[in-house]
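Visitor: I would like to go through this structure with you and ask what stands behind the labels. Could you show it to me?

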Amino acid sequence: MDNKTIAKKFKLCSQLMELHNENPFRTKAIASASFKLDKVPFLLETASFEEISSQPGIGKSTAEKVKKLAETGSFDELDAMLSITPEGLLEMLNIKGLGPKKIQIIWNDLQIESVGELLYACNENRLIEAKGFGLKTQEDIKKSIEFSISNEGWFLYAKVLSHAEKLFTKLQKSLSPTLISFTGDFRRKCEVLSSVDILLDADKNSTLTYLNTNYPNSLKEEIEYTALRDENGFSFHIYLTTTGDFHKNLLLTTGSKKHVEGLNHDLITALASEQALYMAQGMDYIEPELREGLNEIILAKAHELPILINFDDLKGTLHNHSTYSDGVHSLAEMARYCKDELGLNYFGICDHSKTAVYANGLSIERVQKQWEEIDLLNQELAPFKIFKGIESDILGDGSLDYPDEVLAGFDFVVASVHSNLKMDEEKATSRLLKAIENPYTTILGHPTGRLLLSRSGYPLDYKKIIDACAVNNVVIEINANPLRLDLDWRWHRYAIEKGVLLAINPDAHRTEGLKDMHYGIFVARKGGLSVKNCLNSFSLSEIEDFFNKKKK
């Protein structure tokens, strides 16, 4: 159980206490504990009682709850709240725009206890009758429910990765296949999945016996595969094949429907490798990530496929946060982790700007203080370098939230939207265009503001945005946080064609978050990104030169 999961359990408890009108002081104390536990810089699950209780703002009572939560999956107060809360109300807490107070009104005044009933009430225009609800709120709640329903049964690649590897290892060890591989959407590194597909050359009876023994309540035999759900509810499809047909079936099950349709099926026979199968088609080998049915087949026939970027090609990381704003680890800790653990050559700090009060955004005075610390650390860590950056909020009118003389002092500026996310396409596009045209904007951060399976992001005219970045020499971020992965890979090719550089930024708020660049690499490869098109694959001297030219 990681720290974020523990913090979420405390947050849920505080929400339920508010829903049931429990003592407001106790409710606030649990909510405060949730926030502080999420910021603890070590793993709570394995920490001692003394280590936990010695943290600022975390007392013995909270430490006791954490230890019990790590051991049993819950604690007494949470169990008490869950026992008196209808299950449907718990689901409502996951709907954007609904907090405990609003759910209390829906429950007590409208007698609604499920998400289905709530959607029906929205369709019947009944929600506007309740105190504190208007037509706009009703429409927003309806859209959130519909968005949630449309994503049911889907999950993030990053969320399932470790569980997929665990099952893969179990199958490999227990069934001893000659050949085994991930396939389907998972092998193509799709950012959201409905299942993880695995292909292996194993005996059918032995496989079914093993699966029935280990997953007895979730097994379902389909025509082409056997479906199962693991203990976490993730869906897996197990495909069986012969050794001779393994590579043929790997080819047919990996690619998207459109990619597979573009192949000459008369030439797909039992060959010794996928490379041989593509060669028989008169093509270069197409990496799994590219097999989406776009232009990869044309490029493969013309021998013009890009050489895709790898994690080892990255020389540094940009857009990261520290305890100066809302990060968990200090500036020095983040920088040293990049240098010593990841072997990188530079680190860009981009704490939140002054408008982001909710994230402890930096006043001009605190910016100056951070710059002084960076100068000292750069002397200590040389030749490794920390670049002075900022994640400057794009305001409603498209302007950045520091005066020009302050912006001019940064090595680079990431301009991002964090508020007023409900603009229509014309207004949202105009807002970003103005920010892109600002001479101090170096990188456009998470361009759409989306959160995968949670928030669709504001609508944009992508071509106008990318074209403007090309004209103004602005880099576009591939935000590597697995909840964002924004800019979407489907637009990477257009950006590359227009000569726009992309930056794979982790948006890390703690040291382990820096590793999210792996997920950024996965989607960058899907988008056809090469080393030459990625800003943070530049060497230290190259990126210094880039920043200096941009500032001039």
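Guide: Gladly. Two strands are said to pair if DSSP finds at least two bridges between them. Please keep in mind that this is a predicted model.

Visitor: What makes β4 and β7 a pair of strands?

Guide: Strand β4 (residues 196-200) and β7 are linked by five bridges, in the parallel sense, and the definition asks for at least two, so they pair. One place to look is Val-196, whose bridge partner in β7 is Phe-236.

Visitor: And how do you know that β6 pairs with β7?

Guide: The reasoning is alike: four bridges connect strand β6 (residues 226-229) with β7, this time in the antiparallel sense, and at least two are needed, so they pair as well. Thr-226, for example, has Ile-238 as its bridge partner in β7. The hairpin of β6 and β7 has five residues between the strands, and Gly-233 takes a positive phi there, near 90°.

Visitor: Why is strand β7 called largely enclosed?

Guide: Strand β7 covers residues 235-240, and five of its six residues are buried, so the rest of the structure largely encloses it.

Visitor: Which residues of helix α13 are buried, and what makes them one side of the helix?

Guide: In α13 (residues 246-254), the buried residues are Phe-246, His-247, Leu-250, Leu-251 and Thr-254. They span an arc of only 135° around the axis, so they lie on the same side of α13. The cover over these buried residues includes β2 (180-183), α11 (184-187), β4, α14 (257-261) and α15 (274-280).

Visitor: Why is Lys-65 called buried?

Guide: Its relative accessible area is 11%, and buried means under 20%, so Lys-65 qualifies. Lys-65 sits in helix α4 (residues 60-72). Leaving aside neighbours within four places in sequence, Lys-65 is in contact with Phe-10, Ile-30, Phe-75 and Glu-77.

Visitor: What makes the meeting of Lys-65 and Glu-77 a polar contact?

Guide: Their side chains are joined at 3.3 Å, and the limit for such a pair of N or O atoms is 3.5 Å, so the distance fits.

Visitor: How many disulfides does a search of the whole structure find?

Guide: Zero. A disulfide would need a pair of cysteine sulfur atoms within 2.5 Å. As for individual cysteines, Cys-13 is buried, with 0% relative accessible area, and Cys-190 counts as buried at 8%.

Visitor: Why is Asn-21 called exposed, but Asn-420 partly exposed?

Guide: Asn-21 has a relative accessibility of 55%, and exposed means over 50%, so the label fits Asn-21. Asn-420 has a relative accessible area of 46%, and partly exposed is the range between under 20% and over 50%, so that label fits Asn-420.

Visitor: What makes the phi of these two residues worth a look?

Guide: Most residues other than glycine have a negative phi. Asn-21, in the loop between α1 (3-19) and α2 (24-38), has a positive phi near 55°. Asn-420 also has a positive phi near 55°, and its place is in the loop between β11 (412-416) and α20 (425-437).

Visitor: How do you know that the peptide bond from Ala-382 to Pro-383 is cis?

Guide: Look at omega: the bond from Ala-382 to Pro-383 has a value near 10°, and it is cis. Most peptide bonds are trans. You will find Pro-383 in the loop between α18 (364-381) and β10 (385-393).

Key:
Residues numbered from 1 in each chain as written. Predicted model: local features only at pLDDT ≥ 70, side-chain atom pairs only at ≥ 80, totals over all residues. Heavy atoms only, no water. Buried < 20%, exposed > 50% of the residue type's maximum accessible area, 1.4 Å probe, protein only. Helix = DSSP H or I, 4+ residues; strand = E, 2+ residues; numbered from the N terminus. Arc of directions from axis to C-beta. Contact = heavy atoms within 4.5 Å. Polar contact = N/O pair within 3.5 Å; in protein donor to acceptor, adjacent residues only side chain to side chain.
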